[in-house]
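Please open the model in your viewer and keep the selection tool at hand. The tour below moves from one selection to the next and says what is found at each stop.

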Amino acid sequence: MKPRITVVGCGYLGATHAVCMAELGFEVLGLDVDAERVTALQEARPPFYEPGLEPLLRKHVENGRLRFTTSYAECADFGDVHFVCVATPQRDGEFAADLTFVDQAVAELAPLLQRPCLVVGKSTVPVGTAERLAPLLADAAPVGDEAVLAWNPEFLREGFAVDDTLRPGRIVFGLPEGPGAPYAEALLRQVYVDAIGNGTPVVVADLATAQLTKAAANAFLATKISFINAMAELCEATGGDVTVLADAIGHDPRIGRKFLNAGLGFGGGCLPKDIRGFMARAGELGAGDALTFLREVDAINQRRRARVVDMAQEVLDRPWAGAKIAVLGAAFKPESDDIRDSPALNVAGRLHLFGAHVTVHDPQAMANARRSWPTLTYADSVLAACSGAHLVLVLTEWDQFREVDPDRLGEVVATRAVVDGRNCLDPVRWRAAGWAYRALGRP
Ligand code: UGA
């Protein structure tokens, strides 16, 4: 018998995990405390944009393999394996992660657990969280230490979340000490039987290493991006081209070309808050010195946003007040409607505060952007956003923006001036069409 799975927290991570577990043949119950979200999911409407998610959600809601609830009691009764996928945002005014939702999920679930089961943390948490939660779980659960806690960090990327979940690059099992370990490993191997059968590497670790793995992976990715953005600063000082430099160093397999795209830098709900949470936790552990370099990674990243604003100022042929600016992009990256810590909206907001009239277009993130940034103006198409603009900024590298015809766009703008914040346009083509073209780290 396949274990029955519950997923606590149906955000970007949890909803995708629940849908993909159903696709892998498991019976799944997703829980969220937000009743509206549960209704939407139960009606096969994903509460966010993620390519490929909607058809699978529909398929498994319709065949009954996937259901959603707001009831922890139903969850406890249903599941053999409970995945905790709730958010761990940055605490207001601090670097540390806010663990309220993780703590709440375990506190709500534990007293209802009447039979042996595995609780698996997937949320990104500061190292030490699992060790703190395990005894709380066993103490509160009627079934005692037969409610076992393991950690199984998630590495999915928004925009590729379905594929990353169905075909993960690696699987990490963080196991507790003692008799719970073989039970946890056996159940996790059943959950991931298909991926393991397809040769996906499994790393079996202790709880601390598993939690650290996630923080370390995101810290490394953030460092890689800030490294190439630091090189972009040097390219600007010397007349070099950072895109060519990235290709050149990326050919070395020890370095690799991926995540060396210089531009406006990283945003989203993960990398920025995860490097800060990692620094905060290292400080608490007396190992703060080990991660001081991440301050610089963060600082380089923040400088990118200021640099794009400066560059816009350099190109603009008039004062900010009264200038019409088109911003293409609102999502923190393409193929997503997520605007959490979006570099694009951060820049758009700054220009608005300078007195410019800023019109934003994004293929998917308009509704979210409108809600969070109501003072900006929004347009339903690239041409509408750019109509009459004195300057166009491309701040998220959607394919739709890469494919824009500079001649056609040139007909609707007031001034042919563009800042390519993601190095995603072809400078030769845009300049040939009469555009003043500026990009980060490129002549
Ligand atoms: C990131 C990690 O890549 C995932 O492995 C991890 O599971 C996830 O966080 C998480 O912690 O849940 P995600 O936030 O979806 O995934 O987005 P990324 O693809 O990592 O992009 C992050 C930011 O970096 C974006 O703003 C993107 O535009 C920027 N970026 C990425 C660059 O500026 N340059 C690059 O070369 C790559």
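Select the end of α2 and step just past it: α2 is followed by Ala44, whose phi is positive, near 65 degrees; helices here are DSSP runs of H or I with at least four residues, strands are runs of E with at least two, and both are numbered from the N terminus. The model is a predicted one, in which local features need pLDDT of at least 70 and side-chain atom pairs count only at pLDDT 80 or more, while totals for chains, interfaces and linings use all residues. Residues are numbered from 1 along each chain as its sequence is written, and side-chain values use heavy atoms, with hydrogens and water left out.

Stay on Ala44, which is found in the loop between α2 and α3, and note that the positive phi belongs to a residue other than glycine. Ala44 has a relative accessible area of 4% and is therefore buried (buried means under 20% relative accessible area, exposed over 50%, and partly exposed in between, with a 1.4 Å probe and protein chains only).

Now go back along the chain and select α2 itself, residues 35–42, where the buried residues are Val38, Ala40 and Leu41. They cover an arc of only 160 degrees around the axis, which puts them on the same side of α2; the arc is that of the directions from the helix axis to the C-beta atoms. If you add α1 (12–23), α3 (53–62) and β3 (66–69) to the selection, you will see part of what covers these buried residues, contact meaning heavy atoms within 4.5 Å. At the N-terminal end of α2, show the side chain of Asp34, which caps the helix with a side-chain oxygen that lies 3.0 Å from the backbone nitrogen of Glu36.

Next, select helix α5 (residues 100–109) together with α6, whose axes come within 9 Å and cross at roughly 20 degrees; the axes are lines fitted to C-alpha atoms, for helices over the stretch in contact, and angles run from 0 to 180 degrees between N-to-C directions. That makes α5 roughly parallel to α6, a term for angles under 35 degrees. The contact is made by Val102, Asp103 and Val106 of α5 and by Arg132, Leu133 and Leu137 of α6.

Within α6, pick out Thr129, which counts as buried because its relative accessibility is 2%. Leaving aside residues up to four places away in sequence, Thr129 touches Leu99 and Gln211. Past this helix, select Asp145 in the loop between α6 (129–140) and β6 (147–151); Asp145 counts as exposed, because its relative accessibility is 63%. A distance label from the C-alpha atom of Asp145 to that of Glu314, 169 residues apart along the chain, should read 64 Å.

Move on to helix α11, residues 242–250, and colour its buried residues, Val242, Thr243, Ala246 and Gly250. They cover an arc of only 105 degrees around the axis, which puts them on the same side of α11. These buried residues pack against α10 (207–238), whereas the face turned away from the buried side carries the exposed residues Val244 and Ala248.

Which residue is the last stop, in the loop between β13 (417–420) and α19 (427–432)? Select Asn423, which has its place there and has a positive phi of about 50 degrees although it is not a glycine. Asn423 has a relative accessible area of 15%, so it is buried.

Terms used
Polar contact = N/O pair within 3.5 Å; in protein donor to acceptor, adjacent residues only side chain to side chain. Parallel < 35°, antiparallel > 145°, perpendicular 65-115°, else oblique.
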